[in-house]
Every structure is written in C-alpha cells, then in structure tokens.
Amino acid sequence: MMLTSVTLPDGTAAVVHTATLGWGEDLIEERGLPALYRIVLDELNEAATCTAVREHDGGVLVESLHGGPGVLAYALALCTAPECRAAAESYEKESGGPHPGMDFERAWASKQAVGDQDDQETLQEYLAADIQDVNLHWLQQTDPDAARIFRPGCFTDSLLDLAHPVSGHVAFDLGRALEQYAAAKRDEGRMDRYGALFAGTADYQWDAFLPAGATTEAAR
C-alpha cells in the first residue's frame, strides 16, 4: 500500500491510501475479477489501521492493463487521521515532495470533496458503471449468456441515455437484461457469475453470490 498527502478544495489536509494490483488475461479467466477486487481491497485493509481504510469496501477503479489485455485495479480510501498525515508528511519530507507517481490518486481525492451530495453520487454512479462494463467485457469472453444478453458498454450507455435522451432512440433495456441474466444463472447454479457483474463497486456484497455448493471461505 502507498499513501500520499493531499489538500482538499476546502483546505482540509488529508491522505489518500491506495493499493493496486494488475492481472493479465489468463489469471482473469482462471480466477475471475471478483477475486482481483477482493485481493486489492484486502491489501488496502491489512496495510493500515485508520478507520477510513478499515471501513472501506468500495471505490475500486479499473482500467486496461498497459501492454496487453488485462485489468489494473485500484483500491482507494481518503482519510484525515493525524497518524496518517504524519506518515505521509514524513515520507514526503525524506523524498523531497509528494510521490510523483500518484497524481491520479490526488485528483481522485479532490473529486470526492467537490460539489454537493448529488454531484458526488452521480460521480460514483459513473465510476461504478465503468467497473461494471469492464466486468461485463471479461464475462462475455467466457459466458455465452453474457455475450447474448448484454451489449458491450451497456452500463455506461444506460447512464448516458438517461442523462441525454435522444428523440426516437430506443435505449438498451438494462433492467430487462439483468433480469434475463439472473434467471439464466439461477437455472445454471452460477449466480456467482451474475454477482461478478457488480464486483468492485460499493454495492457488491462479497458473500451474496456463491457458486452452487461453495462455502464463504472457498469463494474468497
């Protein structure tokens, strides 16, 4: 885990905790994206003791892995704990300034503190949709039902359709697609695949969707 100091738009001194983990295509197909997200969140939680990290269970951001197909997962937490600020300031004093490779994390922190509650909720919705579209991409590589029922990018597209409706344009019925996919996976005994669509978002419950016959610990 790494951390960097950040000054929020209102002048509050804060710290961003971050953990990252990248998986290539083979590992994703073998273990699934929920396992990647779980590992990176566990790494974040185990490496620090401040409340912001220990209570953190969402805000994982993903992007394509550089140099080939894959996913780079970020687990990020923002806190103002004095001990965390002291640790970040000590590191930055020794190294001559804020970590040069953590501009993304500092920008993320600033966005969390900008705007009213509605603006922040809208931002989280778009971040979650990005994650779900990544999850869907990988599911469609291995699950014919996912490839048949959904269209690529439909989670983000559904938000854009709601925000900017176009006259005469028939939006993809995401709710109907989710119902069809849930029914197909329930019949198959693979509700874990349905749950994998939401892995890495704040609403995902790690133990809610298990393969048929699996235990909680095995699923982790």
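**Rings, strands and charges, with reasons**

Mentor: Phe150 is buried, and Phe155 is buried as well. Keep in mind, as we go on, that the model is predicted.

Trainee: Which residues do ring pairs link into a cluster?

Mentor: Phe150 and Phe155 belong to that cluster, together with Tyr181, Tyr194 and Phe198, and ring pairs link them. The count of aromatic pairs comes to five. One of them is formed by Tyr74 and Phe104, with 4.9 Å from centre to centre and 35° between the planes, and this pair is tilted.

Trainee: What makes the pair of Tyr74 and Phe104 tilted?

Mentor: The centres must lie within 6.5 Å for a pair, and here they are 4.9 Å apart. Planes under 30 degrees apart would be stacked and planes over 60 edge-to-face, so an angle of 35° fits neither and the pair is called tilted. The pair also links distant parts of the chain, with Tyr74 in strand 4 (residues 70-79) and Phe104 in helix 5 (residues 103-112), 30 residues apart.

Trainee: Why is Tyr74 called buried, and what is Phe104 called?

Mentor: Buried means under 20% relative accessible area, and Tyr74 has 11%, so Tyr74 is buried. Phe104 has 38%, which is neither under 20% nor over 50%, and therefore Phe104 counts as partly exposed. In the pair of Phe150 and Phe155, by contrast with the tilted one, the ring centres are 6.3 Å apart and the planes stand at 25°, which is under 30 degrees, so that pair is stacked.

Trainee: How do you know how many disulfides there are?

Mentor: A disulfide needs two cysteine sulfur atoms within 2.5 Å, and by this rule the count comes to zero. Cys79 shows the reasoning, for its nearest cysteine sulfur, that of Cys84, is 3.7 Å away, and Cys79 is in no disulfide. Cys79 has a relative accessibility of 5%, so Cys79 is buried, and Cys154, with 1%, is buried too.

Trainee: What makes strand 1 and strand 2 a pair, and how do they run?

Mentor: At least two bridges are needed, and six bridges join strand 1 (residues 2-7) to strand 2 (residues 13-24), which run antiparallel. Met2, for instance, stands opposite Thr18 in strand 2. The two strands form a hairpin with five residues between them, and in the turn Gly11 has a positive phi of about 95°.

Trainee: How many bridges join strand 2 to strand 4?

Mentor: Ten bridges join them, and these strands run antiparallel, with Trp23 standing opposite Val71 in strand 4.

Trainee: Why is the contact between Asp103 and Arg106 called a salt bridge?

Mentor: The side-chain nitrogen has to lie within 4 Å of a carboxyl oxygen, and here the N to O distance is 2.8 Å, so the two side chains meet in a salt bridge. Asp103 and Arg106 are three residues apart in helix 5, which means that about one helical turn separates them. Asp103 has 51% relative accessibility, so Asp103 is exposed, whereas Arg106, at 15%, is buried.

Trainee: What makes Glu179 and Arg176 a salt bridge?

Mentor: The closest N and O atoms of Glu179 and Arg176 are 3.6 Å apart, which is within 4 Å and therefore meets the rule. Both residues are in helix 9 (residues 174-188), three residues apart and separated by about one helical turn. Glu179 is exposed, with 52%, and Arg176 is partly exposed, with 44%.

Trainee: Which residues are linked with Lys185 and Glu188 in a network of salt bridges?

Mentor: Asp143, Asp145, Arg148 and Arg193 are linked with them in that network, and the structure holds eleven salt bridges. The side chains of Glu188 and Lys185 themselves meet at 2.4 Å, N to O. Lys185 has 0% relative accessible area, so Lys185 is buried, while Glu188 has 41% and is partly exposed.

Trainee: Why does Gly200 count as buried, given its place in a loop?

Mentor: Gly200 has 2% relative accessibility, which is under 20%, and so Gly200 is buried, although its place is in the loop between helix 10 (191-196) and helix 11 (216-219). Gly200 and Ala128 are 72 residues apart in sequence, yet their C-alpha atoms are 7.9 Å apart in space.

Conventions:
Residues numbered from 1 in each chain as written. Predicted model: local features only at pLDDT ≥ 70, side-chain atom pairs only at ≥ 80, totals over all residues. Heavy atoms only, no water. Phe/Tyr/Trp six-rings, centres within 6.5 Å; stacked < 30°, edge-to-face > 60°. Helix = DSSP H or I, 4+ residues; strand = E, 2+ residues; numbered from the N terminus. Buried < 20%, exposed > 50% of the residue type's maximum accessible area, 1.4 Å probe, protein only.
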